[in-house]
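I opened the notebook to follow one element of this chain from its start to its end, and then to step back to the chain as a whole. My entries are below.

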Amino acid sequence: MNRPVCLIVPDIDDIEPKSSDPPMTASTPPQPTTEPPTKRDLLLDCAQELFTKEGFHATGIDRILDRAGVAKMTLYNNFGSKEQLIVEVLDRASEGLIGMMGEWAARSSDPFEQVMHLFDGLGEWFSRPDCRGCLLQAAAAEFSDPDSPVTQAIQRHDARVRTLVTRIARATECRAPDDLATQICLLLAGSLSAVRVCRCRQPADAAKRAAAILLEDACRRAEPPRL
């Protein structure tokens, strides 16, 4: 018959911490684990900043390289051309804006309020001193070739915005929700365009009032006639 093994566990007070291991307490902050940005990310960051402030055509490759502190070969190894760098900057800017819009809409589960929150969120963004409007719209003003990869990046962004707004409009159960989504998208685009001039939240507030009128009218027309 096997006998049980007796394990002698020392009292916790008898365990001395190793001198190389500092004692952990409830207030000890976690150690940061963030890694430095890659050269690719650094190029994207610097390019986006310069394109936003100075424009796409006015910003040369050497200007971006000087700001990022990398060699020209690094840019071409990662992107191949300035045009592709612009495309990836725009795709990243689109993801950021769509992400913000999703967060604004998620402030409520009611689709009517979600539309209002889209414009509230824009107003908050427009009120920030560092807001310079939508980089995608700035690109649309500089690139007109419909076959350009830059134009295609802008079109992808427009499709993402329309998908988000259409989903909300259909949830209102109003008549012709896709038409309503088109109208709301135009109001969003108009306010994003206007803020590049006025640098204040007024365009978003005015567009919100117009959107409320559109919503009220669309839902009133969706009601069945009273007999």
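I looked up which residues of α7 are buried, in what is a predicted model, and the list runs Val 150, Thr 151, Ala 153, Ile 154, His 157, Val 161, Leu 164, Val 165, Thr 166, Ile 168 and Ala 169. I then asked which helices these buried residues pack against, and found α4 (82-105), α5 (111-126), α6 (135-142) and α8 (177-198).

Next I checked the length of α7, which covers residues 149-171. Its 23 residues should span 33 Å at 1.5 Å a residue, and because the C-alpha atoms at its ends lie 33 Å apart, I noted that the expected and modelled spans agree.

I turned to the two ends of this helix. At the start of α7, I found a side-chain oxygen of Ser 148 that comes to within 3.1 Å of the backbone nitrogen of Val 150. Just after α7, I noted that Glu 173 has a positive phi of about 60°.

Stepping back to the protein chain, I counted its secondary structure as nine helices and zero strands, so written in the definition's order from the N terminus, the pattern along the sequence is α-α-α-α-α-α-α-α-α. Of the 227 residues in the protein chain, 36% are buried.

I also looked at how contacts are distributed along the sequence: among those between residues at least 6 apart, 65% join residues at least 24 apart. Last, I recorded that the protein chain exposes about 14400 Å², with carbon and sulfur atoms supplying 54% of that area.

Terms used. Residues numbered from 1 in each chain as written. Predicted model: local features only at pLDDT ≥ 70, side-chain atom pairs only at ≥ 80, totals over all residues. Heavy atoms only, no water. Helix = DSSP H or I, 4+ residues; strand = E, 2+ residues; numbered from the N terminus. Expected span 1.5 Å × (residues − 1). Buried < 20%, exposed > 50% of the residue type's maximum accessible area, 1.4 Å probe, protein only. Contact = heavy atoms within 4.5 Å. Polar contact = N/O pair within 3.5 Å; in protein donor to acceptor, adjacent residues only side chain to side chain. Areas by Shrake-Rupley, 256 points an atom, 1.4 Å probe, with all protein chains shown as cover.
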